[in-house]
Amino acid sequence: MNKKLFEQFNKKHDFLICVDSDGCVFDTMELKHKECFAPAFIKCFKLQAVSKYAREVAEYVNLYSKYRGANRFIALVKMLEFLKEREEVKRRNVYIPDIEPLKRWTELGNPTPQGLEVYIKDHPDEVLLKAYDYSKTVNRNVEDMGSEVAPFYYVPLAFQAFKEFADIAVVSATPTDTIIKEWQSIDIAKYADIICGQEYGTKAECIAELKTKGYAPNKILMIGDAPGDYKAAKTNGVLFAPINPGDEESSWERIYKNDIKALQNGNYEGEYENKLAAEFDELLSPAPPWDRHKK
């Protein structure tokens, strides 16, 4: 974990707002996963013969399941596992490499493209090489897509309100350079006191480092659109505000009009937060659609 960034960060307020980026601040999850991630998955693993099923698996894992928002390599493991289990894929005799080397690597710690590049030098396994190619292809696809992104309507309003009483940290699994580019392109980078992309650790690790600056747990709020964001918050004993997939605009309106007041008044923790978390948990499916449709 790279701690230099955190050593340079100084606490200025009693409150800390941690916020994810893709799918949370920006309406980019569907765009990136349908136009950048899924095509890279099909291309790099040579899944053209089962492209329909590969795309369905990729979109389920990254957008509509409990794995939404997961690290790209951890998500890739799940995508390959699901694809390998599907009868439609088995019938077409499509080759899928042994997943175990990739799975073992992801379990060693925070899996990053830089870390994989180093690891491959001593472990030149087929699935690791394909995963590295996949990651590079995703990055190229995102770059080619351009940076014409827009925040949800209430995001700038909420950030302006937060800046009156809180420090703001971007905590994301997206590469830091991409975050900076996207945030600067629409002039909201000015609200962030620190930007923690994938190179600086997992979301839980980043929150833990920020927490050492002296914030009380009930004055740290993690805003996110994925179960991993909730887990990162609760691992550190801090508060969570959900951005509900499919209802992001209303979620940010709720944050701006209700959550901020509840947080400042000390009324967020407890019944208020629990109700929001329960509603959020119901939105993402625990079972893939191809299993639910079986008779």
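Two strands are taken as paired if DSSP finds at least two bridges between them. On that basis, the predicted model contains an open sheet of five strands. The strand order is β3-β2-β1-β4-β5, and the pairing is parallel. Strands β3 and β5 (residues 239-242) stand at the edges. Each has a single partner strand, so one side of each lacks a neighbour in the sheet. Neighbouring strands are turned against each other by 25° on average, with direction ignored.

At one edge of the sheet, β5 pairs with β4 (residues 220-224) in the parallel sense, over four bridges. I223 has A241 of β5 as its bridge partner. Two helices were examined against the strands. Helix α11 (residues 203-211) packs on the sheet and touches β1, β2, β3 and β4. Its direction makes about 155° with that of β2. Helix α12 (residues 227-235) lies across β4 and β5. The angle between α12 and β5 is about 165°.

The nonpolar interior was considered next. The largest nonpolar core holds 40 residues. Within this core, F41 and Y134 touch the most other members. Helices α2 (29-44), α3 (51-64), α4 (72-85), α6 (100-106), α7 (113-122) and α8 (126-145) each supply at least two of the core residues. Helix α4 gives the largest share, eight residues. The surroundings of F41 were listed without its neighbours within four places in sequence. F41 is then in contact with L47, A54, A58, L76, M79, L80, L83 and Y134. A second core, separate from this one, has 36 residues. Among them are A158, I168, W183 and A189.

Aromatic contacts were then surveyed. A pair of rings is described by the distance of the centres and the angle of the planes. The search of the whole structure finds 21 aromatic pairs. For F15 and F165, the ring centres are 5.2 Å apart and the planes stand at 80°. Planes over 60 degrees apart count as edge-to-face, so the F15 and F165 pair is edge-to-face. The two rings come from distant parts of the chain, 150 residues apart. F15 lies in strand β1 (residues 15-19). F165 lies in the loop between α9 (155-162) and β2 (166-171). Both F15 and F165 are buried.

A tilted pair is formed by F159 and Y191. Their centres are 5.8 Å apart, with 55° between the planes. This pair also links distant parts of the chain, across 32 residues. F159 belongs to helix α9, whereas Y191 is in the loop between α10 (176-185) and β3 (194-196). F159 and Y191 are both buried. Ring pairs further join F159 and Y191 with F26, W183 and W252 in a cluster.

Lysine side chains were examined last. K11 lies over the face of Y215, at 5.5 Å from the ring centre. The charged end of K78 sits over the ring of F82, 5.6 Å from its centre. K32, in helix α2, has a relative accessible area of 7%. Buried means under 20%, so K32 is buried. With neighbours within four places in sequence left aside, K32 is in contact with D22, F37, V142, T178 and E182.

How values were computed. Residues are numbered from 1 along each chain as its sequence is written. This is a predicted model: local features need pLDDT of at least 70, side-chain atom pairs count only at pLDDT 80 or more; totals for chains, interfaces and linings use all residues. Side-chain values use heavy atoms; hydrogens and water are left out. Rings of Phe, Tyr and Trp (its six-membered ring) pair if their centres lie within 6.5 Å; planes under 30 degrees apart count as stacked, over 60 as edge-to-face and the rest as tilted. Buried means under 20% relative accessible area, exposed over 50%, partly exposed in between (1.4 Å probe, protein chains only). A charge sits over a ring if NZ of Lys or CZ of Arg is within 6 Å of the ring centre and within 35 degrees of the ring normal. Axes are lines fitted to C-alpha atoms, for helices over the stretch in contact, and angles run from 0 to 180 degrees between N-to-C directions. Contact means heavy atoms within 4.5 Å. A nonpolar core is a set of buried Ala, Val, Leu, Ile, Met, Phe, Trp, Tyr and Cys residues joined through side-chain atoms within 4.5 Å.
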